[in-house]
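Reader: I'd like a close look at one part of this model: how chain A sits against its two neighbours. Could you walk me through both contacts in one go?

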Amino acid sequence: MRQIAVTVVRIYLTEAEKKLNPLLKRLHDWEKVRGVTVFRGISGFGKHGKMHSSTLLDMSLDLPVIVEFFDEPDKVATILTHLSGMIDPGHIVSWQASLMSNDEQQEQND
Amino acid sequence: MRQIAVTVVRIYLTEAEKKLNPLLKRLHDWEKVRGVTVFRGISGFGKHGKMHSSTLLDMSLDLPVIVEFFDEPDKVATILTHLSGMIDPGHIVSWQASLMSNDEQQEQND
Amino acid sequence: MRQIAVTVVRIYLTEAEKKLNPLLKRLHDWEKVRGVTVFRGISGFGKHGKMHSSTLLDMSLDLPVIVEFFDEPDKVATILTHLSGMIDPGHIVSWQASLMSNDEQQEQND
């Protein structure tokens with residue numbers, strides 16, 4: 001079983017920022033990343049310490065929203081440069097990981 | 001405080017694939033991994049660009065489902081080989097991490 | 001685009017443990033971490049193999065809850081030492097990652 005190097009990216013937004021849809025459109029239409037998953041957190045707080053929680057009614061529209069994707073390291077590096085204008089860099093975390101792959105042939109044909 | 005090396009695995013499925021329960025059963029009964037957590041995403045798209053989103057009614061049965069687990073690197077390598085027949089390898093990402101551990105004694109007794 | 005090293009931490013709890021609020025209070029008020037996100041899993045099992053699932057009514061109060069945060073490696077190492085008394089170490093996973101940053105000036109002012 002072969003593995004290929006990928007960079008995993010997690011971008012931390014909140015619902016009130018209204019940045020999710022433009023970001024997804026960008027990643028899907030322009031950057032054409034391998035795949036994206038969006039998660040909603042149930043609570044959280046950011047750099048300024050303000051809590052975002054589903055347990056308090058008046059904060060129910062500002063829950064954390066996390067956008068996760070992975071792709072080849074060079075492609076991700078380029079994407080991150082593109083994103084720096086639309087997303088606060090302090091909300092973008094990335095790390096190296098391995099993606100399973102049966103063989104190169106499959107990689108090319110998929 | 002001691003730390004031991006683990007491999008974290010994230011497997012990206014969608015609900016429509018119906019692979020979640022067989023995978024959980026395999027990880028629980030056969031592979032006996034240390035622990036598994038399952039998350040549901042609220043939106044996403046895969047390698048072919050098809051969106052899976054909870055905001056569109058007709059796609060509500062095909063939301064992303066992520067299975068996450070971690071265990072010792074050698075054990076995980078074996079598990080990943082076993083999973084290659086049931087899961088698309090391009091949906092299995094793993095990386096090295098550290099698990100906290102108070103001492104070896106506790107590790108052996110737990 | 002500059003990147004700074006961070007340690008990402010994921011802590012695996014269950015709702016029935018009632019440890020979430022004390023942990024969040026600790027991370028927010030005392031440790032003053034850069035940001036925390038809390039996720040609820042839809043299913044899972046722990047080291048003892050007991051399933052926690054939202055599909056079984058009687059387990060609906062014991063779903064997985066994951067607390068995720070990241071900060072500078074030295075600060076995280078200190079926090080993890082503090083947490084060892086309140087959280088089972090076998091439920092705390094961490095790894096190295098990169099946080100995007102436009103420049104040092106911004107880091108200092110934010």
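**Chain A and its neighbours**

Author: Across the interface of chain C and chain A, seven residue pairs are in polar contact, both residues of each pair being at pLDDT 80 or more. That pLDDT figure is there because this is a predicted model. On chain C, the elements giving two or more residues to the side that touches chain A are β1 (2-14), α1 (20-30), β2 (36-40), β5 (64-71) and β6 (92-101). β6(C) gives the most, with seven residues. Sort that side of chain C by class and you get 14 nonpolar, nine polar and five charged residues.

Now for the overall extent. In this contact, 28 residues of chain C meet 25 residues of chain A. The two chains bury about 2,200 Å² between them, and 63% of that is on carbon and sulfur atoms. If you want names to look for on the chain C side, try C:His28, C:Phe39 and C:Met100: they supply 24% of the area that chain C buries against chain A, more than any other three residues.

There's one salt bridge across the interface of chain C and chain A. It links A:Arg10 to C:Glu68, with the closest N and O atoms 2.9 Å apart. The backbone joins in as well: strand β6 (residues 92-101) of chain A pairs with β6(C) in the antiparallel sense, over two bridges. To find the spot, look for A:Val93, whose bridge partner in β6(C) is C:Leu99.

Next, swing round to chain B. Here 25 residues come from chain B and 28 residues from chain A. Chain B and chain A bury about 2,200 Å² between them, with 63% of it on carbon and sulfur atoms. On the chain B side, B:Ile42, B:Phe45 and B:Lys47 supply 30% of the area buried against chain A, more than any other three residues of that chain.

The count between chain B and chain A is one salt bridge. In this one, A:Glu68 partners B:Arg10, and the closest N and O atoms are 2.9 Å apart. Polar contacts between chain B and chain A come to seven residue pairs, both residues at pLDDT 80 or more. As for where chain B's side comes from, β1 (2-14), β2 (36-40), β3 (43-45), β5 (64-71) and β6 (92-101) of chain B each supply at least two residues. β6(B) gives the most, with four residues. By class, that side of chain B has twelve nonpolar, nine polar and four charged residues.

There's strand pairing here too. Three bridges join strand β2 (residues 36-40) of chain A to β3(B), and the two run antiparallel. Within that pairing, A:Val36 stands opposite B:Phe45 in β3(B). B:Phe45 is also one of the three residues that supply 30% of the area chain B buries against chain A.

So how are the copies arranged? A rotation of 120° with 0.0 Å of shift along its axis superposes chain C on chain A, with an RMSD of 0.0 Å. That's the relation of a three-fold axis. And the contact isn't like against like: only 14% of the interface residues of chain C are also interface residues in chain A, so the copies meet through different surfaces.

Technical notes: Residues numbered from 1 in each chain as written. Chains lettered and ligands numbered in written order. Predicted model: local features only at pLDDT ≥ 70, side-chain atom pairs only at ≥ 80, totals over all residues. Heavy atoms only, no water. Contact = heavy atoms within 4.5 Å. Buried area = accessible area lost by both parts, 1.4 Å probe. Salt bridge = Lys/Arg side-chain N within 4 Å of Asp/Glu carboxyl O. Polar contact = N/O pair within 3.5 Å; in protein donor to acceptor, adjacent residues only side chain to side chain. Nonpolar A, V, L, I, M, F, W, Y, C, P; charged D, E, K, R; others polar. Pairing = 2+ DSSP bridges. Least-squares fit on C-alpha atoms with pLDDT ≥ 70 in both.
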